[in-house]
Amino acid sequence: MIERLRSTGLRRPSPRQLIAALRPAPGERILELRPGAGHHALSVARHLGPTGRLDLVDIPEHMLDDAIHHLRSHPTRDTAQVVPTVADPRTLPFAEHTFTSAYLIAALSTFPNPGRVLDELHRVLHPAGWLVIADHRRTHWLPPDTARRLARRHGFSLVATHGTRNYVHRLQPLQSNPRAVAHL
């Protein structure tokens, strides 16, 4: 299986690629779903400054522990507050329009119902915010084109695509999500 993943030619996006797509700014509140070991979280938190906040959400608490441990092992004065939350991304425990932006790295394809996760992201994102998706490692489950189409069906428009293979997608919420009504 590792060889099949390598054969796609898609690597994890670099911190520079993620930052270029996400465009984090000091003082913003950003959400990361399934942060893994926290490598991307460290980059983003440093761009948010001491007044910003990065929320990490995952279901298994031990994964959040790994991410927090990684962040604490690389402390800087200008890093945003990082808040871990154990929650199901299909039912996020946040109010509407809470986040400036959100991102998922190799995560969307791991959810049993990625459309429901996108509906929740649409709900918690500010209307002028960004959603960045890079589902590079699981392209055999959710190819980049499929991720873009799925996001469009759940209320997002594609703004830009980054990366040498165009797999880092920056999306913006549309004013209304046509699929959200079906979940009420």
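## A tour outward from strand β1

Start by selecting L31 and D55: D55, in β2, is the bridge partner of L31. Before going on, know that this is a predicted model, where local features need pLDDT of at least 70 and side-chain atom pairs count only at pLDDT 80 or more, while totals for chains, interfaces and linings use all residues. Residues are numbered from 1 along each chain as its sequence is written, and side-chain values use heavy atoms, leaving out hydrogens and water.

Now colour the two strands, β1 (residues 29–33) and β2 (residues 53–58). Strands here are DSSP runs of E with at least two residues, and helices are runs of H or I with at least four, numbered from the N terminus. β1 and β2 run parallel, with five bridges between them; two strands pair if DSSP finds at least two bridges. Add helix α3 (residues 39–48), and you have a right-handed β-α-β unit made of β1, α3 and β2. Right-handed means that, with the strands pointing away from you, the path from the first strand over the helix to the second runs clockwise.

Next, zoom in on R29, which sits in β1. Is R29 buried or exposed? R29 counts as partly exposed, because its relative accessibility is 22%; buried means under 20% relative accessible area, exposed over 50%, and partly exposed in between (1.4 Å probe, protein chains only). As for β1, four of its five residues are buried.

Keep R29 selected and bring back D55. Their side chains make a polar contact at 2.8 Å, meaning a pair of N or O atoms within 3.5 Å, one able to donate a hydrogen and the other to accept it; residues adjacent in sequence count only if both atoms are side-chain atoms. C-alpha to C-alpha, R29 and D55 are 7.5 Å apart, with their positions 26 residues apart in sequence. Leaving out residues up to four places away in sequence, R29 also touches others (heavy atoms within 4.5 Å), including R53, F94 and S101.

Now move to β4 (residues 99–105), where six of the seven residues are buried. β4 runs parallel to β1, joined by four bridges; pick L33 to find its partner there, L104.

For the last stop, select β5 (residues 125–134), parallel to β4 through six bridges. I105 stands opposite A134 in β5. Show helix α5 (residues 114–124) too: β4, α5 and β5 form a right-handed β-α-β unit.
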